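Please look through the structure shown here slowly, one part at a time, and keep it in view while you read the paragraphs that follow.

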Amino acid sequence: MIGVDTQLLALLTAGALIIIGLFAAILIDNLIKKIVGLSFIEEGVNLFIICLGYKEGGVVPIFLPGMDSNWFALNSAYPLPQALVLTSIVIGASTLAVMLALAMVLYKKYGSLSTSKILNHKTDMGDEE
Amino acid sequence: MNAMIPLIVIIPIIAALLLNLFGKNNKTIKVIAFIVGIILPILTLITGYGLHYFGGHQPLSLSNISGLPSYISSTGLYNLHPAITYNFTSLSKVFIFMMGIVVFLSIFAYLNSEKRASGPFLFLVFMGTASVSAMMMSDDLFNMYVFFEIAALIQTGIIIASKAEDNYETALKYMIIGSIGGPILLLGIAILLAIAGSVNITDIVNIVNTSLIRSPQTRPIVLFSFGLIFFGWLYASGFPPFHVIKSSIYSKAEPYAASVLQGMSLLTLVAFAVVMFRIFGKLNLFKGAVLLISIMAMVLGVSMAVMQTDFRRMIAYLSVGELGFVGLGFGLGTRFSITAGLFQGINELIVTALLFIGLGAVVYLTNTSNTRRLGGLISKNESMAIMVLLGGFAMAGVPPFNGFRSKFMIIEAALNSGFPEISVIAILVSIATFFVFVKAFYSIYLKPQPTDLEFVHETIPRSMVFAVAVLLIICIVLGLYPGLVTNPIAELIGGLL
């Protein structure tokens, strides 16, 4: 029962993180807060993936000497999501680093972290003339 | 097992690392980039079709292991792919080979035009090539996602490395959109993992098509997953509503980089389109959504190109419009239409690279891409001007070039599938493309030269002329002998259907 609740709670948290992140990324003007919001989306998805491998009362998916293979197969958590999330975290960190570096450069250029000020300073920014 | 297959990804990655390492030694990086640039297409050409299981972990059903527990041998686990698998098919070969040619010619033109080559820029080009090659071959959705994210970072890096005005702003905008698109794609993949238990595409296709898509409980989840992956695909390919930022990216990059960037977007589009078709192809929603978005891309691409006075942005919008033709092939969903769409993809890869490099020569001469400030450039290099004009004809679908063949096939496929309206739209878009291009050509090359036009260089580098000439020859050869590409692709698509 506790296990089911744990998984459900984690899934709800993942959903909340994604929604809060989307809200921040789309609606908040401050660049740093926007980047934090984007990070929330990434982490929400990571949490969702981690939840997939959860097994109530399960064991760490490492096969040790002396373990019965049938028992291990029935009781170990699913290791694939953990491996995937590890890679996903690395990708998220790289993306975050590049975005923060860009934020620093643009702050020096504009003296502001307002996204609307940075991205709309010229009418042709990404649009037709 | 084919050990040559992973080399197609490993060699450009090693080259990229070496280029970064020797970034300050101009001669060394020029030699490395040139040699690896030649090796890549050759390696792709000589590598045989087949599968590569990383770590040698093939499905248990192929391993002949005896004494397995019944929960493995008597269930679907027996056939699952336990490791990342690369599948090198005729489709991968054709696309990676053509990408290799475009990368080589772009690098060749770059190395000969610039006195001092940039190690980090070449690093980005080779990493990007490795990423899209991996996406084309990977039979693992998560592996594709990893390279998809690497490709997105590379594209941002290329924009940051360019000298264009507002490049940082464009890069930031692209990263913000990408940081939403990427995780949404990953969420779609995670949902497939949740319901299928694997990220291997062949496994997912088997499980989804045999049971999940038919069950009323799991069908909505499959549809939801499709929606998320479709969103990620739109972002990666530059389809609407992401066509503006994608065009912006192309126009901010250096001409050599823009030709590689459009190739990266195109290969990503094709790789994910094939995967989506395999997994979700039986959903009516798939065909409807792809058709709708493709028509939107065609119409928006060409109508926004009309308004541009910056020819780099004009080519960028035209290339987005051309992507719509590729999407049409998948949306119609027949063997003939998909073959036509993929053939159009190859043609677009070549033609857009030709135009970016060819018109890049104008930027090299004048340091401007504004058609209002240009004119009379045909006197600088007539042969280049004529080749660019012929490239524009190829894009618009004028016979006997390759674009004509593929567009004709797509129009025929639309008629055969009972969509004459789509054929009419396709013809109108082609005509509009022709007029947009001819208008730009007149402004750049034929109208009287403005008196205030200043030249930063007096002649076009021969390497640029050579690159454009080779690409034009490929356009003509594919126009005369389309079977070189369509026959192997049609065979593979027949197998998928």
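A good place to begin is a pair of helices in chain B, α17(B) and α19(B), which are oblique to each other, a word used because their angle is neither under 35 degrees (roughly parallel), nor over 145 (roughly antiparallel), nor 65 to 115 (roughly perpendicular). Helix α19 covers residues 462-480, and the two helices pack at an angle of about 40° with their axes 7 Å apart, where axes are lines fitted to C-alpha atoms, for helices over the stretch in contact, and angles run from 0 to 180 degrees between N-to-C directions. Asn402(B), Phe404(B) and Arg405(B) of α17(B) meet Cys475(B), Leu478(B) and Gly479(B) of α19(B), contact meaning that C-beta atoms, placed from the backbone, lie within 7 Å.

Before going further, note that this is a predicted model, in which local features need pLDDT of at least 70 and side-chain atom pairs count only at pLDDT 80 or more, while totals for chains, interfaces and linings use all residues. Residues are numbered from 1 along each chain as its sequence is written, and chains are lettered from A and ligands numbered from 1 in the order in which they are written.

Also in chain B, helix α18 (residues 420-446) has 27 residues and reaches 38 Å from its first C-alpha to its last, close to the 39 Å expected, the expected span being 1.5 Å times one less than the number of residues. Among its buried residues are Val429(B), Val436(B) and Phe437(B), where buried means that 20 or more other C-beta atoms lie within 10 Å of a residue's own. The cover over the buried residues of α18(B) includes α13, α14, α15, α16 and α17 of chain B.

Turning to chain A, we find five helices and zero strands, both of them DSSP runs numbered from the N terminus (helices H or I, at least four residues; strands E, at least two). Its radius of gyration, 21 Å, is well over the 14 Å that the globule rule gives for 129 residues, so chain A is more spread out than a compact globule; the radius is taken over C-alpha atoms, and the rule is 2.2 Å times the number of residues to the power 0.38. Buried residues make up 28% of the chain.

Finally, the two chains meet, with 32 residues of chain A in contact with 32 residues of chain B. On the chain A side, α2, α3, α4 and α5 each supply at least two residues, and the largest share, 12 residues, comes from α4(A).

Definitions and conventions: A residue is buried if 20 or more other C-beta atoms lie within 10 Å of its own, exposed if 12 or fewer, and partly exposed in between; C-beta atoms are placed from the backbone.
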